[in-house]
Each structure stands twice: as C-alpha cells, then as structure tokens.
Amino acid sequence: SKILNMLTIIEFEELIVLTTVFIIFYYIPWIQKYKSNLDTINFKNQKKMKIGLLTNELPPIIYGGVSTWVLNFMKMFEDDDNYEAVPIFLAYMDPAPDNFPEKYPGIRIINTPDDVYEVFKDIDIVVNNLWIALDTVKQIGHLFPKLPIVSVCHSLIKMEHITNLGSQYTNNFCQQEITFQYSDFVVLISKAEKKYYESFGY
C-alpha cells in the first residue's frame, strides 16, 4: 500500500506540473499581445500554436522520469484544437534511433548546433526539459529573442549536489541556474522544490 500511495503522489504531482504548463500557454498570448510582440507570433492567422518540446529523453533512451512526463505532455495535446506538441530530440549525447520518426510522428532531431535554427524557426513556444544543454538553450534565446521559453525543473541539481555531498556528477549545477536565467517561465514540480528554489535565490 505504501508503494501505491507513493505512485499516487507522483502521478498527482505530475498532473499539477502539466496543468501549470497548460495554464501558462493560455496566458502567453495575452502577455505577448500586452508587450506588442505579435510580429513573430501571429495568433490570428495560425491554426495551431506549435509547442517545441525539447528533451534528450524519449523511450528507449531514458535517464529518469523526464521521458514519462514528455510522453504524457504529448498525449495531453494530441487532439487539442489550439496547440500542437512537436517533440524535439537533442541527439548530442545519444543518437536518435532510426525508428524515431515512425514512433514519434513529427519529431525533429538536433544533431549539431547548425540544426537549431531550422528546427525552431516555426515554433511558437519552447518547453525545455533540459538542464545539461545550456549552450542549446542560450543558442535558442539568441536566435529567437522573442520566443517564449518555459523550463520545467524536474529536479533541483544544486539540491542533489548538496544531498550527494558534492558528487562529481552534479557539480555542474550552475548550468541549470543559468538555464533558469534564459527562461521566461520556470515550472517547479512541488511546493517543496519551490521552497528550495527560492532559498537558493533563483
């Protein structure tokens, strides 16, 4: 029963994050209109707004729970009248399997930095699930300065670094901090994470 309760809590937290991102999307058009930035995002003439779902995890390439979140996100928007979720796979660490286009219709793959412009040129909103690819996030911001970037913080790496007593695998937590700076919105997965996020001065 403890395992079932834990799974229920995880599913509930995931639902909260998905709902938060969904709400942000409905506010972005108003924010963009308020800032008069409609020259790059034309909501009236475009049938669906394209959400670029940036990740380096899609089954069978899995490092943690991000891939599950990404799949649920894609499913949530698959029949939406206003938004189209476009999976974007960063293949710097792992090459994309040959069956990715068949398994994930519409997927776009970034093999080198030269691919970034073509991949994002018609994207309206970026949902970033990465913290290890700081240069990619910075490149997107420089190429498309008016493109909203929503970063989902699945885990605070600085907190992991403290918990792991200074592990060599988490000593690059500063990259996540800079990723936050390049983001227009940061979505946290829980109130506990928000507490530490604020205590770190983010």
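These legends accompany several close-up views of one predicted model.

Residues are numbered from 1 along each chain as its sequence is written, and side-chain values use heavy atoms, with hydrogens and water left out. Because this is a predicted model, local features need pLDDT of at least 70 and side-chain atom pairs count only at pLDDT 80 or more, while totals for chains, interfaces and linings use all residues.

**View 1. The whole chain, with eight helices and six strands.**
Helices (H or I, at least four residues) and strands (E, at least two) are DSSP runs, numbered from the N terminus. Follow the chain along its sequence and you will meet the pattern α-β-α-β-α-β-α-β-α-β-α-α-β-α. Of the 202 residues, 41% are buried; buried means under 20% relative accessible area, exposed over 50%, and partly exposed in between (1.4 Å probe, protein chains only). The accessible surface comes to about 11800 Å², and carbon and sulfur atoms hold 56% of it. These areas come from the Shrake-Rupley method with a 1.4 Å probe, and for residues only the protein chains shown count as cover. Contact means heavy atoms within 4.5 Å; among contacts between residues at least 6 apart in sequence, 66% join residues at least 24 apart.

**View 2. Strand E2 and its parallel partners E1 and E3.**
Strand E2 (residues 83–90) is largely enclosed by the rest of the structure, because seven of its eight residues are buried. Two strands pair if DSSP finds at least two bridges between them. Seven bridges join E2 to E1 (residues 49–55), and the two run parallel. To reach E2 from E1, the chain passes through helix H2 (residues 66–76) in a right-handed β-α-β crossover. Right-handed here means that, with the strands pointing away from the viewer, the path from the first strand over the helix to the second runs clockwise. Along this pairing, Met-49 has Tyr-83 as its bridge partner, and Leu-54 stands opposite Ile-88. E2 is also joined by three bridges to E3 (residues 108–110), again parallel, with Leu-90 partnered by Ile-110.

**View 3. Strand E1 beside E4.**
Six of the seven residues of E1 are buried, leaving this strand mostly covered. Four bridges connect E1 to E4 (residues 125–128), and these strands run parallel. Look for Ile-51, which stands opposite Ile-125 in E4.

**View 4. The surroundings of Thr-55 in strand E1.**
Thr-55 is buried, with a relative accessible area of 0%. A polar atom of the Thr-55 side chain lies 2.9 Å from the backbone nitrogen of Glu-57. Leaving aside neighbours within four places in sequence, Thr-55 is in contact with Val-66, Val-70, Ile-88, Phe-89, Leu-90 and Leu-130.

**View 5. Aromatic rings around Phe-100.**
A search of the whole structure finds six aromatic pairs. Rings of Phe, Tyr and Trp (its six-membered ring) pair if their centres lie within 6.5 Å; planes under 30 degrees apart count as stacked, over 60 as edge-to-face and the rest as tilted. Phe-89 and Phe-100 form an edge-to-face pair, 5.3 Å centre to centre with 85° between the planes. This pair links distant parts of the chain, with Phe-89 in strand E2 and Phe-100 in helix H3 (residues 100–103), eleven residues apart. Phe-89 and Phe-100 are both buried. Phe-100 also forms an edge-to-face pair with Tyr-104, at 5.2 Å centre to centre and 85° between the planes, and Tyr-104 is buried too.

**View 6. An aromatic cluster of Trp-69, Phe-73, Phe-77 and Tyr-83.**
These four residues form one cluster. Tyr-83 can be recognised from View 2 as the bridge partner of Met-49.

Methods: Polar contact = N/O pair within 3.5 Å; in protein donor to acceptor, adjacent residues only side chain to side chain.
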